Amino acid sequence: MKSNKKEKLGVLIPGMGAVASTFICGVIACNKGLAKPIGSMSQMGSIRLGKRTEDRSPIIKDFAPLADLDNLAFGGWDIADENVYEISIRSEVLDKNLLNDLKSDLESINVYKAVFDEKFVRRLSGNWIKNGKNKMDLAEQVMDDIKHFNKTTGATSNVMIWCGSTEVYMEPSDVHSSLSKFEEGLKNNHPDISPSMIYAYAAIKLGIPYANGAPNLSADITALEELANQTKTPLAGKDFKTGQTLMKTILAPGLKARQLGISGWFSTNILGNRDGEVLDDPDAFKTKEESKLSVLDTILEPERNPDLYNDLYHKVRINYYPPRGDDKEGWDNIDIFGWLEYPMQIKVDFLCRDSILAAPIVLDLVLFLDLAKRSDMSGIQEWLSFYFKSPMCSPDLEPEHDLFVQLAKLKNTLRHIMGEDLITHLGLDYYKS
Ligand SMILES: NC(=O)c1ccc[n+]([C@@H]2O[C@H](COP(=O)([O-])OP(=O)(O)OC[C@H]3O[C@@H](n4cnc5c(N)ncnc54)[C@H](O)[C@@H]3O)[C@@H](O)[C@H]2O)c1
């Protein structure tokens, strides 16, 4: 595998909002010794190697040849002519004193004009937007931006990660069904090709790994998977698993492991950032709702456990409430039942910070996707399901939602990449004969 430790890795972000700016600020703050990358498994998590008696548990970044944090360069696209310092101030996630310490670094980051169409994100409008003769022309302009970015920053490889607003709900249609139809559609301005697909096309065409942090349809269409196979490009998505869904995928496997029944799971959120405003549009919310609802079914498998989960009523609400800004509050009421069907309740009130939870996910995805590319692993990277609410997987499989299975898969994939034995936790050697 080609090592990337000392080469510059360019991180390309369509959608320079709260998540993107919090991620960038955090990495720069770490590089200046002002912070630690808390929440990032690649930077802080360890990985056990070999038998327990060997006592080998390096930190992941010291085990796998991931890019160093001080070799990351950042660039992106958004719909307003603002630099990353201004975006960070407006997003109101991080302390102004910290932002002032990072000001000159943040101001120097390129934010290119967006490929944007209000039909897909109806609550926003902007004036920093590309014009082109058709959607193919817009994709070519994005590729030119990437070349310009690499030239100005010295980046020798890239990862693209969509941190843009959630686009409206869409089902795949004929234009998404093959690469030739999709390319024809780009030339004919087909209405079913969204801006996020145009960025994804540009990246994948150049062999740049692409991840989707939002729930909307993007690279998860046959046409772009075909292109990824041609250009040997890793793909991952979709919808960062933070806040409430993270809690859900921690709790549900535990309840199922103990064979406790669940009759109802009601989840409601209030949040007041721009993401919340976009999700106030029912069509954008539908995209998010589908993503949030899917997790319980695949974890609990009601078809295999009908007595426990067949009648489960699952409801998810998101309410835009401006006073909270980025500080989301997520409530869960879980109606469970146990021995002899006696009912019990669990209440969770998670006062979380959306972008603080999402930023380390962006970092890990960038580093792992770059590693995947250098390890010749192309197409859907199922081992990165750990980070997503709606993990991409091959069409004949159900996605894996259980956080602990996802974690085991991620670590075993790293062991595999590095030529170490996989860990089964069998431990037969330690039994007395
Ligand atoms: N923060 C979390 O915990 C979390 C979790 C899962 C998913 N997400 C998703 O991540 C995305 C980013 O979240 P956020 O809180 O940073 O939102 P945000 O509104 O602060 O940022 C999104 C940015 O995308 C820009 N944008 C929209 N369409 C664009 C386009 N076509 N090209 C370029 N820029 C475009 C917007 O102008 C905005 O600045 C959202 O889709 C959100 O649903 C966030």
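**Helix contact and ligand shell**

Reader: Which residues of α10 do Ala200, Tyr201, Ile204 and Lys205 in α9 meet?

Author: This is a predicted model, in which local features need pLDDT of at least 70 and side-chain atom pairs count only at pLDDT 80 or more, while totals for chains, interfaces and linings use all residues. Residues are numbered from 1 along each chain as its sequence is written. Helices (H or I, at least four residues) and strands (E, at least two) are DSSP runs numbered from the N terminus, and contact requires C-beta atoms, placed from the backbone, within 7 Å. The α10 partners are Leu224, Leu227, Ala228 and Thr231.

Reader: Why are α9 and α10 roughly parallel to each other?

Author: Angles between N-to-C directions run from 0 to 180 degrees, with axes fitted to C-alpha atoms over the stretch in contact. Those under 35 degrees count as roughly parallel. The axes of α9 (residues 195–205) and α10 (residues 222–231) come within 9 Å. The two helices are therefore roughly parallel, since their axes cross at roughly 15°.

Reader: How many residues surround the ligand?

Author: A residue is near the ligand if its C-beta atom, placed from the backbone, lies within 6 Å of it. The closest are Gly15, Gly17, Val19, Ala214 and Arg274. The number of surrounding residues is 33.

Reader: Which element supplies the largest share of the shell around the ligand?

Author: At least two shell residues come from each of α1 (18–31), β2 (72–78), α12 (274–279) and α15 (354–374). The largest share is four residues, and the helix supplying it is α15.

Definitions and conventions: Angles under 35 degrees count as roughly parallel, over 145 as roughly antiparallel, 65 to 115 as roughly perpendicular and the rest as oblique. Two residues are in contact if their C-beta atoms, placed from the backbone, lie within 7 Å.
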